[in-house]
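Reader: I have a few questions about this model. Please keep the answers short and show the reasoning.

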Amino acid sequence: FSPSSSPTLLQALPFGTKLSVMYNPTKICVLKGSTVFINDSYTYPAGLEVKEEFWVKEPFDREQDTPVYCKPTKDSGTVQCYVDKQQKFSLKLINVTKEDDYYFRIKTNVIEQKWLGDPVKISVTELLVNTFLEVIEREAAILTCTTTCSLTDSPTCIWYKNGRPLSSNTNPLHLQPVSSEDAGSYMCAVGGYEHLPSPAQTLTVRYEFTMLVSLYDYLIIAKFIPLSSSVHFSVKTLVMVGQLYNISRIKDVIFISSHSLILWVLDPPKNVLVSIRPSSEIVGDSSVTLTCSSDANPPVQNYAWFKEGGTSSVGSGQTYNITISSNSSGWYYCVVQNEHGMLKSASIDADLKGETDRQLCFIFHSSVH
């Protein structure tokens, strides 16, 4: 997985008096930005004297042994190497950032007697949290701390949520069943290298609930609502009284909590009513005003007035004034429209009932005389 707090150690396999430079293992995987030690030892035949010990890496000239990567020094840079009198050597790499092959070279007092150890290949990886970005409440979420190569050691995995360590150190991390409290930003790191965590990965928990839109008292089933008041209302389908409810008619979220929300709903007109003033008996040559009202969001944009029996509009606007006569009396209705639809009102009576009564009374008195 990744290096633990102790450095990576490579042990040599001695071969008696035969000169040997070997490593076990020859491939290691380390975390980017970490420090690794390559420790080993060598043997050589009696009668020879070791003159030079140094490290090289690809690419280099095997005949000229150039360029030299590291010679034993007391330097304290990011690359340090050491050799002692017991033929033990080490290479210390600080803040490892890229892959390389490293070789240990030994040269003796006999020009032809020089040896090159097998390569030590160092692979570099970073931590990454792998998971689905969105999960549904009450289902399962699995978060895995991944690398591009198998880390040489077996370090402890450390999980963080919103910057705070979690009690679980299992990898992968199982969240089941998922709840709203599991939503947040997750990172992973390894023991000894907590300062080198993975990039943060945000887990969004979405859920289903039933809500009552108080504006029109519609029961709406909303699916996959983000658990965040900062997220604009986003659903694919709403169900209203058993029918699909077009999402384009959701204008905005007015209020949202963990279990309910109130929506500003765009709707066609409804509850269209016509009222008449004055509401007393209508007599000839008197003036009445018809008013059309409706619930709609956005508000009604067009009003049209019709008289029953006719096919053309007789007026426009929310109010319509009529001077009552034998020709204009009758039943009237209005038609309202906004960008989401139109609706017709019930008809209202604007007839000359009072004038008819006086005419009947006049005829009655005339017949008596």
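Reader: Is serine 34 buried or exposed?
Author: This is a predicted model. Serine 34 is found in the loop between strand S1 (27-31) and strand S2 (36-41). Its relative accessible area is 0%. Buried means under 20%, so serine 34 is buried.

Reader: Which backbone atom lies 2.5 Å from a polar atom of the side chain of serine 34?
Author: Serine 34 has a relative accessible area of 0%. A polar atom of its side chain has a partner 2.5 Å away. That partner is the backbone oxygen of leucine 31.

Reader: How many residues apart in sequence are the parts tied together by glutamate 52 and lysine 107?
Author: Glutamate 52 and lysine 107 form a salt bridge, with the closest N and O atoms 3.9 Å apart. Glutamate 52 lies in strand S3 (residues 50-57) and lysine 107 in strand S6 (residues 100-108), so the pair ties together parts that are separated in sequence by 55 residues.

Reader: Are glutamate 52 and lysine 107 buried, partly exposed or exposed?
Author: Buried means under 20% and exposed over 50%. Glutamate 52 has 31% relative accessibility. Lysine 107 has 23%. Glutamate 52 therefore counts as partly exposed, and lysine 107 also counts as partly exposed.

Reader: Which residue is linked with Glu52 and Lys107 in a network of salt bridges?
Author: Glu52 forms a salt bridge with Lys107. The network holds these two and another residue. That residue is Lys71.

Reader: What is the sequence separation of lysine 57 and aspartate 100?
Author: Lysine 57 forms a salt bridge with aspartate 100, the closest N and O atoms being 3.3 Å apart. The pair links distant parts of the chain, with lysine 57 in strand S3 and aspartate 100 in strand S6. The separation is 43 residues.

Reader: Are lysine 57 and aspartate 100 buried or exposed?
Author: The cut-off for buried is under 20% relative accessible area. Lysine 57 has 18%. Aspartate 100 has 13%. So lysine 57 is buried, and aspartate 100 counts as buried.

Reader: How many nonpolar residues are in the lining of the largest pocket?
Author: The largest pocket has a volume of about 160 Å³. Its lining includes Lys57 and Asp100, along with Tyr69, Leu93 and Tyr102. Three lining residues are polar and three are charged. The nonpolar ones number six.

Reader: Which residue forms a salt bridge with glutamate 58?
Author: Glutamate 58 is partly exposed, with a relative accessible area of 28%. Its partner is partly exposed too, at 38%. The closest N and O atoms of the pair are 3.1 Å apart. The partner is arginine 62.

Reader: How many salt bridges does the count come to?
Author: The pairs include glutamate 58 with arginine 62 and lysine 57 with aspartate 100. Glutamate 52 with lysine 107 is another. The count comes to six.

Reader: Which backbone nitrogen does the side chain of aspartate 84 reach?
Author: Aspartate 84 is found in the loop between strand S4 (79-83) and strand S5 (88-93). At 33% relative accessibility, aspartate 84 counts as partly exposed. Its side chain reaches a backbone nitrogen at 2.9 Å. That nitrogen belongs to lysine 88.

Reader: How far apart in space are aspartate 84 and proline 72?
Author: The two are twelve residues apart in sequence. From C-alpha to C-alpha, the distance is 9.4 Å.

Reader: What percentage of the residues of the protein count as buried?
Author: The secondary structure comes to one helix and 29 strands. The protein has 369 residues. Those that count as buried come to 38%.

Conventions
Residues numbered from 1 in each chain as written. Predicted model: local features only at pLDDT ≥ 70, side-chain atom pairs only at ≥ 80, totals over all residues. Heavy atoms only, no water. Helix = DSSP H or I, 4+ residues; strand = E, 2+ residues; numbered from the N terminus. Buried < 20%, exposed > 50% of the residue type's maximum accessible area, 1.4 Å probe, protein only. Polar contact = N/O pair within 3.5 Å; in protein donor to acceptor, adjacent residues only side chain to side chain. Salt bridge = Lys/Arg side-chain N within 4 Å of Asp/Glu carboxyl O. 1 Å grid on protein atoms, 1.4 Å probe; cavity = no way out; pocket = protein on both sides within 12 Å on 5 of 7 lines; lining within 4 Å. Points joined across faces, edges and corners; volume = space filled by probe spheres on them. Nonpolar A, V, L, I, M, F, W, Y, C, P; charged D, E, K, R; others polar.
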